[in-house]
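This report reads a structure residue by residue, with attention to burial, ring geometry, polar contacts and strand pairing. Please keep the sequence and the coordinates at hand while reading.

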Amino acid sequence: QVQLVESGGGSVQAGDSLRLSCAASGRTFSSYHMGWFRQAPGKEREFVAAISWSAGNTIYTDSVKGRFTISKDNAKNTVYLQMNSLKPEDTAVYYCAAARYGSISANAARYAYWGQGTQVTVSS
C-alpha cells in the first residue's frame, strides 16, 4: 500500500512557475507508475501527466505539453510536476496517484492510490 501527500501548490500569476511534489510512503514506491490529475471547480477530474515506474516513459495531456514536466525520484520516494508558463485555465486541485500494474495510463480508474490534493490558482 502507498500513502501519498502532495505539496507545492499556491497562488501565482499567469506565466509563473510552480513545482508540485508528491511524497510517497512504502518501500515499493519504485514499482509504481505515478500520475498527476487535476480537478477544476464544476469540472470532472482530468489527467495531466504520468510516468512509468522506472521513469523511462512519460505521457501528457495535450494542453500541458511543452509546459509541464513530470519526474520521479525513486530514492526519495517522490514524484514531481514542474509547471511552467502557467495559465488561468490551469487553476485546479492537483492530485497525485499511484498505479501498480500494467503500463502508464491516463485513465484514472487504473490508479489505486490517491493523495488529498493541493490547490493551484493562477490569476491573469
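## Ile70 in strand β7

In this predicted model, Ile70 counts as buried because its relative accessibility is 4%, which is under the 20% limit for that class. The residue is found in strand β7. When residues up to four places away in sequence are not counted, Ile70 touches Met34, Trp36, Ala49, Ala50, Ile51, Thr58, Tyr60, Val79, Tyr80 and Leu81.

One of these contacts, Thr58, can also be placed by backbone distance: Ile70 and Thr58 are 12 residues apart in sequence, while their C-alpha atoms are 7.4 Å apart in space.

## Arg67 and its polar contacts

Arg67 has its place in the loop between β6 (58-60) and β7 (68-73). Is this arginine buried or exposed? Arg67 counts as buried, since its relative accessibility is 11%.

Two backbone oxygens lie by polar atoms of the Arg67 side chain: that of Ser63 lies 2.9 Å from such an atom, and for the backbone oxygen of Ser85 the distance is likewise given as 2.9 Å. Leaving aside neighbours within four places in sequence, Arg67 is in contact with Gln82, Met83, Asn84, Ser85, Leu86, Lys87 and Asp90, so that Ser85 appears both in this list and as a backbone partner of the side chain.

## Aromatic pairs around Phe37

The structure holds 5 aromatic pairs. In one of them, Phe37 and Phe47 meet edge-to-face, with 5.6 Å from centre to centre and 70 degrees between the planes. This pair links distant parts of the chain, as Phe37 belongs to strand β4 (residues 33-39) and Phe47 to strand β5 (residues 46-51), with their positions 10 residues apart in the numbering. Both rings belong to buried residues: Phe37 has a relative accessible area of 1%, and Phe47 has a relative accessibility of 11%.

Phe37 also pairs with Trp114, and this pair is tilted, at 4.9 Å centre to centre and 55 degrees between the planes. Here again distant parts of the chain are linked, from Phe37 in strand β4 to Trp114 in strand β10 (residues 113-114), 77 residues apart. Whereas Phe37 is buried, Trp114 is partly exposed, with a relative accessible area of 26%. Ring pairs join Phe37, Phe47, Tyr111 and Trp114 into a cluster.

## Arg45 over two rings

Which rings does the charged end of Arg45 lie over? The charged end of Arg45 sits over the ring of Tyr95, at 3.9 Å from the ring centre, and Arg45 also lies over the face of Trp114, at 4.7 Å from the centre of that ring. Trp114 therefore takes part in the aromatic cluster and also has Arg45 over its face, while its relative accessible area of 26% puts it in the partly exposed class.

## The disulfide

A search of the whole structure finds 1 disulfide. Its members are Cys22 and Cys96, whose sulfur atoms are 1.9 Å apart, and the link is right-handed, with 45 degrees about the S-S bond. Because Cys22 lies in strand β3 (residues 18-24) and Cys96 in strand β9 (residues 92-99), the pair ties together parts that are 74 residues apart in sequence. A disulfide is a covalent bond between the sulfur atoms of two cysteines.

Both cysteines are buried: the relative accessible area is 0% for Cys22 and 0% for Cys96.

## Strand β9 and its partners

The strand that carries Cys96 is largely enclosed by the rest of the structure, because 7 of the 8 residues of β9 are buried. What sense does the pairing of β4 and β9 take, and over how many bridges? These two strands pair in the antiparallel sense over 7 bridges, and among the bridge partners is Ala97 of β9, which is matched with Gly35.

Strand β9 is also joined by 3 bridges to strand β11 (residues 118-123), again running antiparallel, with Val120 in β11 as the bridge partner of Ala92. With β10 the pairing is antiparallel as well and spans 2 bridges, and there the bridge partner of Ala97 is Trp114. Ala97 is thus a bridge partner of Gly35 and of Trp114, the latter being the tryptophan whose ring forms the tilted pair with Phe37.

Methods: Residues numbered from 1 in each chain as written. Predicted model: local features only at pLDDT ≥ 70, side-chain atom pairs only at ≥ 80, totals over all residues. Heavy atoms only, no water. Phe/Tyr/Trp six-rings, centres within 6.5 Å; stacked < 30°, edge-to-face > 60°. Helix = DSSP H or I, 4+ residues; strand = E, 2+ residues; numbered from the N terminus. Buried < 20%, exposed > 50% of the residue type's maximum accessible area, 1.4 Å probe, protein only. Lys NZ or Arg CZ within 6 Å of the ring centre and 35° of its normal. Polar contact = N/O pair within 3.5 Å; in protein donor to acceptor, adjacent residues only side chain to side chain. Contact = heavy atoms within 4.5 Å. Disulfide = S-S within 2.5 Å. Pairing = 2+ DSSP bridges.
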